[in-house]
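Me: I have a structure to read. Please walk me through its features one at a time.

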Amino acid sequence: MSQTVFALASPIGGAIAIMRISGPDSRALLERIFTGSIEHRRVSYGRIIDEAGETVDTCTAVFYKAPGSYTGEDSAEVFIHGSYAVALRLAEIVEKTGLASPAQPGEFTKRAYLNGKMDLAQAEAVMDIIASSAERSRRAAANQMEGRLSAVIGAMYKRLSSVSALIAAAMDDETGETEADEGTVCGELDSISSELLSLADGGMRARVLREGARIAIIGSPNVGKSSLLNALIMRERAIVTPIPGTTRDTVEEAASIEGVPVIFIDTAGIRETADEVEKIGVERSLREMESAELVLWLVEGSRKMEAEDEEIRRGLDVQKTLVVITKNDLEQVVFPDEEGKLCGVPAMTVSSLTGEGLNELRTGIARRLVPAEEEALVTNSRHVAALQRAGGAVETASSLYGEGLTDAAFFELRTAMEALSEITGREDPAEDVVNEIFSRFCIGK
Ligand code: GDP
């Protein structure tokens with residue numbers, strides 16, 4: 001039987017602070033410290049009293065009878081006034097009853113998982129929701145918590161389990177008359193592996209939803225990098241100066257673009273230079289470009305492209321680059337072609353001074369970074385890794401089966417199922433395949 005635990009479930013400093021209690025002694029504890037009535041899911045008003053019966057605060061409290069609570073255990077929530085003194089005193093009184101001890105981080109959600117209230121993917125989503133820094137990542141985590149990921153994984157798992165059972169039956173069948181014909185098995189395996197791998201792929205891109213995408217802002221000195229950064233995040237963090245090459249180091253800024261968390265990196269102007277300090281900056285710029293998910297290459301619209309711009313273009317990874325033609329408010333000499341591209345890279349025109357084109361740029365950035373909502377099902381790197389492992393194992397299983405290596409294929413499928421069950425923390429592959437096999441037997445056999 002688990003211990004009863006308690007924790008403050010809200011930051012202190014607001015109007016109200018919440019203490020959460022969970023475990024078998026929740027009711028006894030509440031009776032000891034709270035004067036109001038205690039009924040399942042009823043809010044009641046009363047006083048918090050200390051050992052001597054002195055009133056500490058007036059408050060409301062709710063009791064939840066197991067299993068009708070977040071954790072699945074008897075639980076309570078006490079809403080006190082949000083003062084430090086009151087919250088600390090309440091914690092002291094609760095601990096002194098000897099009925100409960102302080103909760104570990106994540107303990108309430110862990111208990112909810114252990115009591116079958118949610119699976120591992122859902123529990124992790126709760127943590128992600130608490131930590132999510134922008135609206136899009138909050139939505140992806142919310143979907144996951146509602147069990148969408150679990151449902152998709154569950155369906156894949158079932159299909160794998162069916163194929164495993166087919167193969168297992170074929171291994172045992174000495175007559176050779178089995179339903180596990182090669183074309184069907186391999187076809188199904190190939191389809192499962194490509195679905196798993198594409199889920200993982202979507203997840204890799206969607207990871208930016210949680211961790212934030214790194215966006216490097218590059219371009220020759222004075223094209224307007226710092227100004228654009230400031231305009232995009234509407235702050236004066238980067239120092240704007242009219243002297244070329246003054247952005248010596250990189251400046252990093254966390255921001256939210258259309259709900260996508262991003263980290264902008266304003267790199268030093270990339271150019272060959274004898275200046276040692278600036279050289280270090282240039283090297284760093286190139287490195288930042290490598291580690292970035294998206295590169296904004298700035299080209300000045302009001303002057304012809306120079307050798308310097310050309311040099312930068314050669315160092316670019318075109319696949320992850322967006323061209324930004326700057327200073328649109330001045331007379332323009334650089335234009336995108338009829339396909340909307342410059343040097344083969346999609347281009348947008350903006351003015352940091354007037355703000356023209358900035359909204360389109362924001363939308364363009366968000367679209368490049370985030371896959372369609374539907375793909376954003378997997379946002380957790382542990383899940384991405386498990387999906388990749390599962391997809392790889394199924395791929396191997398298919399080619400092994402094609403070569404007639406039935407036992408080895410069966411083993412690979414088991415590995416894949418284990419990887420999937422790591423995501424939800426629920427199924428037991430060994431047992432499930434056995435059940436599936438027996439479910440195919442006729443009654444009376
Ligand atoms: P960086 O060296 O690439 O970071 O460029 P800065 O942002 O420091 O800008 C260089 C110069 O260009 C400054 O004098 C800015 O005021 C000017 N500038 C930047 N953006 C614009 C713009 O959109 N329009 C105009 N007219 N000037 C701009």
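Me: What phi does Gly404 take, just after H12?
Reply: This is a predicted model: local features need pLDDT of at least 70, side-chain atom pairs count only at pLDDT 80 or more, and totals for chains, interfaces and linings use all residues. Residues are numbered from 1 along each chain as its sequence is written, and side-chain values use heavy atoms, with hydrogens and water left out. Helices (H or I, at least four residues) and strands (E, at least two) are DSSP runs, numbered from the N terminus. Gly404 follows H12 with a positive phi of about 85°.

Me: Which residues of H12 are buried?
Reply: An α-helix has 3.6 residues a turn, so residues three or four places apart point the same way. Buried means under 20% relative accessible area, exposed over 50%, partly exposed in between (1.4 Å probe, protein chains only). In H12 the buried residues include His383, Leu387, Ala390, Val394 and Tyr401.

Me: How do S3 and S4 run?
Reply: Two strands pair if DSSP finds at least two bridges between them. S3 (residues 43-49) and S4 (residues 55-64) run antiparallel, joined by seven bridges. Ser44 has Ala61 in S4 as its bridge partner. The two strands form a hairpin with five residues between them, and Gly53 in the turn has a positive phi of about 85°.

Me: Which helix has the lowest mean pLDDT?
Reply: pLDDT is the predictor's confidence in each residue, from 0 to 100. Where pLDDT is low, the predicted coordinates should not be read in detail. Among the elements of the chain, H14 (residues 429-439) has the lowest mean, 59. The chain averages 81.
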